[in-house]
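User: Please take a close look at one strand and its pairing partners. Then add a helix contact for contrast in topic.

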Amino acid sequence: MSCSADAVKDKLLWNVKKEVKQIMEEAVTRKFVHEDSSHIIALCGVVEACLLHMLKRRAAGFLRSDKVAALFTKVGKTCAIAGDVCRKVQELQQQVESRKNQPNGQEPLKRQGSTTSKTPVLTPQAIRHIWVRTALIEKVLDKIVQYIVDNCSKYYEKEALLADPVCGPILASLLVGPCALEYTKLKTADHYWTDPSADELVQRHRIHGAHGRQDSPSKRPALGIRKRHSSGSTSEDRFAASAREYVESLHQNSRTHLLYGKNNVLVQPKDDLEAIPGYLSLHQSADSLTLKWTPNQLMNGTLGDSELEKSVYWDYALIVPLSQIVCIHCHQQPESRWTLVLVSQDGTQRPPLHFPQGGHLLAFLSCLENGLLPRGQLEPPLWCQQGKGKVFPKLRKRNSNKSVDLEEMPAEDTSTDYVFRIIYPGHKHDNNTSEMLEMQGFGANLLSWQLEHCSQGSSCISCSMGSSPYDIPSCCTCIHDRTPLKMLCESMKRQIISRAFYGWLAHCRHLSTVRTHLSALVNHSIVPPDRPACAAAGLTKELWSKYQKDRKNYKELELLRRVYYGGVQHEIRKEVWPFLLGHYKFGMAKKEMDQVDADIALRYQKVMAEWKACELIVKQREKESHSATLAKFSSGSSIDSHVQRLIHRDSTISNDVFISVDEADPGEQEPGGQEEPALTAPPAAAEFDSPDSGLPSSRNYSVASGALSSIDDGQGGSFEDEEGSAEGARPGPRARPGQLPPQGSGPEEQPRSQLGSQDCLLDVASVCAASYTIELLDTVALNLHRIDKDVQRCDRNYWYFTAENLEKLRNVMCSYVWEHLEVGYVQGMCDLLAPLMVILDNDQLAYSCFSHLMKRMSQNFPNGGAMDTHFANMRSLIQILDSELFELMHQNGDYTHFYFCYRWFLLDFKRELLYEDVFTVWEVIWAAKHISSEHFVLFIALALVEVYREIIRDNNMDFTDIIKFFNEMAEHHDAAEILRIARDLVYKVQTLIENK
């Protein structure tokens, strides 16, 4: 019961931390927070959930429908600040009620008479959270919550969040930041919808992304659904609300006027589908005219919210801005049904619209013509006939023998076709269109509103006899001057050939650039996924058992190909990963593998004994230094220079780049279960090594050996400080940790059974203290301190990391750092080791695999130079594979430096994906080195950007926006889709290099 109650408290606090982070980021990026911001509503919602957690019934009073109001009212009787908030909320509620009761005609008159007492306009969400929202805007919410925490026994049960001695003050402290912000009522053009969360942006894209595929490929308009509700609600509710909002926008509203609406207009979205009935509507806004067609299945309300979200009919809906349309073709079918086809500026045709029988098409064209005025018009215009209203224009058929035009009306039983153009008089585009039609051989008479009958051929018999449009007889009188037309054709011919040539030249230069800059990023040999067999299933348990039975004859490349295209089955990862990381070699016999394991076990035990012996001395020195510091403080003297240097080193290296709001406070971690006490230091933010951190990179150490595997850190005891012996050690060449001390015999000569006594430990420590330099001890102390802090919070929410397994992780990390003291521990190394510990569940095997992994990953840390290379390669890749997105990134603040990918490359996307997805992505990266690319991480990063390219483009994201977006999308990515896109990008580069 207590575990579930603690989990509820942790979840409530986590929600508050998340929303506080969101609102503080908005304040930093936008320099202000609007009162109607969705982040305010979301924060109020999670704070209310905390306030209502296990609230006493008597504290709710008689207002059972609004317990928050009852709580504030009761607190207001004894807290003056809460009392002021109660009075302000009551005033706001009265004003809102009076606004509802006012007739619509009296409100403008009242506003004209009084400009000082404007009634506030509150959204439904703001009214719902009016108590907490008012306290927040008045900047007293933190004080009220603190007062409730101090007097929690009056209002809450003992197990409540606010009655908790730890969680309650944390909640009050979290609200100090939001209460210090400035909230503005200034209305900007975008204050309602410029701060959506990442989930909301993805849901918007899913709604209107399919609609965009129906539009012109050169200009793809967005659906434009603007959401104004809380980002703290679930994603399903946001999706359903957006879908309903889109359907409601099809009707008359305050932003757009509905000019025409007709149901049961048929559209055939695909050739293999039957025509689907839907609702056709024509909407006019201040500066645009839009045609929409929505299937009846999305309009009749028969689908639930979950079904509406997943409906395939979203793919068939049409949204067509009339500004992109140049021609409208109207075709009358034999059964008196009309079909309308819209033609875009680039020549693409939209799916035909089939109108029911009757005058519906004529009514639509009439509404369209009125909507185009005064800026545009139809050509030819519709005729106005007395008694009938708008009618189709008469056709003029030209007689070949006479120069007189005969006006005829088509018979009722004949099919008639019309072509209308949408023109905007005075625009340059219309003049160019007219000239183009004239150049194509149409007479000037045709450019007026008269139309040729579509079923008729050429009106000139001599022209129609020619086999080519350019072979015009001299006796032809339909075009008197053919010279301009011939010159036009010659000019067009030269331009076409010139463009083709320069296009081919640009393509050749493009391929040259690809070969020069990208040829080193991929393997030149392409390994297909379907030969010799399909590898989509990955490396299965059955296939692995076949390999184990026949190691010599099974090809290594085939195993790696299956891992690259399908991953590894989870049950065999513990056996496969050592091969992928290089601990074992493919084809090794069982005896050879056992020998490798034995060698690694000996090495691991030796290294661990070395650093544990050094750790005993480090802890004793810190204990004595701490005592000396306290003694000098008590005597009034200054701090010892050595201690001062230690404090300075440990306090100046801090760069909290990985801490997120979902991480709990370090003080919440249970210290039990560990034998080694953490080094004395305040629980500050995570430390990050930087090149200028002051750590020694190449120093001469005289280091003691000792296979002290039986020494435990808890047996420290008391040691005598031997500073003089450390400084008097003989200088010599740089010795690796593990070198024997020059005096006496090493501890490994003694049986392990004789090292258990306290006297023996004292003797060994004395020998080791005489062998280590002060510089080495300082470096080890600093690294151990960093490791202890990071191990305690490493994936603490994952089931595997109990106190025992955290101890194993610490031992492996300390052993690796002991062997690489010139680099030391850098924050992020524990993140790389943790998945290996989960899968292998063997500290010795994890130590070996982690050492192999760090051969590549260590170059990404500040002491290496691979990160700058990654950024440069990313620029080259996206510049060639997606130049449009590259230009957008360059224009919106120029974040083509790709610094937002830093964490991706540093941790191999470990923080971006779920734990189960991390396993798959990592093993694909390891196999890609042999199959497709040694730099496969670049293509995964580019795939992450490409997955959300439409969202980035439609929202014009700058550097701050894209960092915020990907931070919020962490652990929400579709890993399988990202890997598929990454493989496709690799294949695309490979084919470009091969010039296929």
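Analyst: The strand comes before the helix contact here. This is a predicted model, where local features need pLDDT of at least 70, side-chain atom pairs count only at pLDDT 80 or more, and totals for chains, interfaces and linings use all residues. Residues are numbered from 1 along each chain as its sequence is written, and side-chain values use heavy atoms, with hydrogens and water left out.

Start with strand β4, residues 276–284. Strands are DSSP runs of E with at least two residues, helices are runs of H or I with at least four, and both are numbered from the N terminus. β4 is mostly covered, with 7 of its 9 residues buried. Buried means under 20% relative accessible area (1.4 Å probe, protein chains only).

β4 pairs with β3 (residues 257–267) in the antiparallel sense, over 8 bridges. Two strands pair if DSSP finds at least two bridges between them. β4 is also joined to β5 (residues 289–295) by 7 bridges, again antiparallel. A hairpin of 4 residues links β4 to β5. Look at G278 in β4. It stands opposite V265, and its bridge partner in β5 is P295.

Now the helices. α30 (residues 866–881) and α37 (residues 975–994) pack at about 75°, their axes 12 Å apart. Axes are lines fitted to C-alpha atoms, for helices over the stretch in contact, and angles run from 0 to 180 degrees between N-to-C directions. α30 and α37 are therefore roughly perpendicular, a term for angles of 65 to 115 degrees. L877, I880 and L881 of α30 meet L985, K988, V989 and L992 of α37. Contact means heavy atoms within 4.5 Å.

Definitions and conventions: Angles under 35 degrees count as roughly parallel, over 145 as roughly antiparallel, 65 to 115 as roughly perpendicular and the rest as oblique. Buried means under 20% relative accessible area, exposed over 50%, partly exposed in between (1.4 Å probe, protein chains only).
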